[in-house]
Structures are given as C-alpha cells and as structure tokens.
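Q: Could you take a close look at one loop for me, and then use it as a way into the rest of the assembly? I'd like a single connected walk-through, please.

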2 protein chains.
Amino acid sequence: MDPGSRITGFGVIETRGGGYQYIASGCITARGETLAERLRSLFRGMEEVVGEYTPAVMAVERVFVQRNVDSALKLGQARGAVICAGALQPLAVHEYTPAEIKKAIVGKGNADKAQIQHMAKVLLNLRGALSADAADALACALCHAHLARSLERMSRCRQTMTAGPQ
Amino acid sequence: MDPGSRITGFGVIETRGGGYQYIASGCITARGETLAERLRSLFRGMEEVVGEYTPAVMAVERVFVQRNVDSALKLGQARGAVICAGALQPLAVHEYTPAEIKKAIVGKGNADKAQIQHMAKVLLNLRGALSADAADALACALCHAHLARSLERMSRCRQTMTAGPQ
C-alpha cells in the first residue's frame, strides 16, 4: 500500500511456489468536501479492497521526507485511516522504507522510481499500463513477500542445522 | 476531541437550556508495540466513547504548529484514526483552530492554555481535577456548542426579520 493524502495506491499479490502472482491493483481516491468525509472514503475504500481480496498481511510504504509539516500532517491522517482499515480486520501491518523496497526489488537502495516500477511489472509478468501509485504499492507488497520468504528460508535453514548431524 | 500521537483527550457535553452540562471526559492512550496496534487502539477507544455517549457531532481541535515533519506525520496518523472512528458512525466532524476555541471560551484568541482549562471547568461547573488533554477536549466541545448556538440564534433572528412587520 502506498498512502497519499488524496490518492492511496494498492496492490494485491500472491506468493506461489518460487514466484509471485499479480492479483489486483488500483488507486483509492479520497472524496468529499470535509476532512472527515475524505478520511472515511479512504477507510471504506481500503476496507473494500481488504474485504474483496482477504490478504493475509498488509505492507505499507513508510515515508519520511515531506515538504512541510502541513503536508506531513495530511499524509499522516490518510495513513491513519487506511492503516486502521487493515489493522481492524485484524491484519498484521508491516512497514517498509523506500530504501528497503528498492533493495528488495532492484538490489540497491538508491534505485530510481521508474526502475522500481519497471521491476514490479517484470516480477509480476505484467504488460499493461500501471499507475505510479499502484506500481509503488505492488513494489511494497513484493518487498514484503520477498523478505518474508527469505526469513522463512533462514528459519528452515536454522531448523535443519539444529536437527542436522550430531 | 484533542488528538495526540500517544494520548487523545475527549470530552462529552450536552447543551441544556441556556447552559452546558458536563457528561464525561477522559483520555484514550495509544497502546501496542506497532503503529498499527497503536492506531487500532485509538480507533477502538474513540469508537467506545462514541458508542457509549452517542454524541450528535464531533468537534476536533485543528493543529498547525508541529516541531518537525516526523511529529506532524505521527499526529496526523492519530488524527486519521480517531476522526475515522467518528466519521464512520457517521458523525458530522467539525474542526476548530486553537484561536477559535480560545475566542469562544475566553473571548480572545490569544488566551493561554491554563485560562482555557480554567474557563472550561467554570462553564461546566466542575470542581475536581481534569487532565490537560480532557480539559482541552471539553474546551473544543464547548467552542462547537457555543458557535452552533450562535448560528441557531442568528438563523432564528433572520427568520423573525423575514416574517416581521411589512
């Protein structure tokens, strides 16, 4: 998930065997005149996505750099709404920094956005156009899936070592 | 309501005749190891308050000045969670700046915090101790009730003028 104060990108993937399968992606747009209406629409939109695809976990891009405190506050409000929509299910919510996502997808923490979006499409075998927000969200999901798989392998490796020749 | 990233103060009042009646106040503390747990606990806490006292509207203190973008983001996330808890009921959510609250309660926009908290207690005829967060939340509720009453009076006055001598 890649939350923004007006648009939140989402991407749903499934881990299958050694690869990843694209399930869905898109954008939830905050609609409404008031802040409360906009936050409610983000919450409801994410609730619908979670209800439709019943993911096992939620991965969210962690953000640091904001132009100013006002935009940081607005982004925080949107994050609060969409993270709540997942956390209330309750889904486990994992956060990844842009550098962690870049490292997991491209292998280096300073890859540019276009490269990330390109690799997300390659890894999911997608050919059509993807919005930047949806691609970022898919990259975040891939980052989680990749790290979760690595952790699982390490854990299996440790178990094998423990149960190994004595 | 006075949302903070760790503690959100709340205050519930009722307008009766020409005055205001204190109903309840307190603090909701964000608990949990992860961001998602903390946001969920804020949401659930506010949902409980709204469920127990079934208010007609929600008034939230609007904030501007934050030390840095990181604290603005954290405060935004908390605001997103607690505003959602009201907006999903659905309650109408009104926001008031600190200056609007000060003006409504003390009559001047540059009153200090202690004065606001003192006046909130006087207006609600409270004698016991109140936490600063709860007092700020009650002041915000009083501000809304006061402005809503003024608007209602103005509207009645306009109706009387329209229906007056011709």
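A: Let's start at Asn125(A), which sits in the loop between α4 (113–123) and α5 (132–162) of chain A. Keep in mind that this is a predicted model. The backbone is what catches the eye here: phi of Asn125(A) is near 60 degrees, a positive value in a residue that isn't glycine. Asn125(A) has a relative accessible area of 61%, over the 50% cut-off, so it is exposed. Hop over to chain B and you find Asn125(B) in the loop between α4 (113–123) and α5 (132–162) of that chain. Phi is again near 60 degrees for Asn125(B), and Asn125(B) counts as exposed at 61% relative accessibility.

That echo leads to how the chains are related. A rotation of 180 degrees, with 0.0 Å of shift along its axis, puts chain A on chain B with an RMSD of 0.0 Å. The two copies are therefore related as by a two-fold rotation axis. The same surface serves both of them, with 100% of the contact residues of chain A recurring in chain B.

Now for the interface itself. On each side, 26 residues are in contact with the other chain, and the area buried between them is about 2,200 Å², with 75% of that from carbon and sulfur atoms. Val69(A), Leu73(A) and Leu88(A) supply 24% of what chain A buries against chain B, more than any other three residues. The rule finds 0 salt bridges across the interface, while 6 residue pairs are in polar contact. On chain A's side, α1 (35–53), α2 and β4 (92–96) each bring at least two residues, and α2(A) gives the most, with 12. That side divides into 17 nonpolar, 5 polar and 4 charged residues.

For a close-up within helix α2 (residues 69–87) of chain A, try Gln77(A). At 5% relative accessibility, under the 20% cut-off, Gln77(A) counts as buried. Leaving aside neighbours within four places in sequence, Gln77(A) touches Leu35(A) and Leu39(A) in its own chain, plus Gly76(B), Gln77(B), Arg79(B) and Gly80(B) across the way.

One last stop: Pro90(A), in the loop between α2 and β4 of chain A. The peptide bond joining Gln89(A) and Pro90(A) is cis, with omega about -5 degrees. In chain B, the bond from Gln89(B) to Pro90(B) is cis too, with omega near 0 degrees, and Pro90(B) is found in the loop between α2 (69–87) and β4 (92–96).

Technical notes
Residues are numbered from 1 along each chain as its sequence is written. Chains are lettered from A and ligands numbered from 1 in the order in which they are written. This is a predicted model: local features need pLDDT of at least 70, side-chain atom pairs count only at pLDDT 80 or more; totals for chains, interfaces and linings use all residues. Side-chain values use heavy atoms; hydrogens and water are left out. Copies are superposed by least squares on the C-alpha atoms of residues with pLDDT of at least 70 in both. Contact means heavy atoms within 4.5 Å. Helices (H or I, at least four residues) and strands (E, at least two) are DSSP runs, numbered from the N terminus. Buried means under 20% relative accessible area, exposed over 50%, partly exposed in between (1.4 Å probe, protein chains only). Buried area is the accessible area (1.4 Å probe) that two parts lose on being put together, summed over both. A salt bridge is a side-chain nitrogen of Lys or Arg within 4 Å of a carboxyl oxygen of Asp or Glu. A polar contact is a pair of N or O atoms within 3.5 Å; within protein, one must be able to donate a hydrogen and the other to accept it, and residues adjacent in sequence count only if both atoms are side-chain atoms. Ala, Val, Leu, Ile, Met, Phe, Trp, Tyr, Cys and Pro count as nonpolar, Asp, Glu, Lys and Arg as charged, and the others, Gly among them, as polar.
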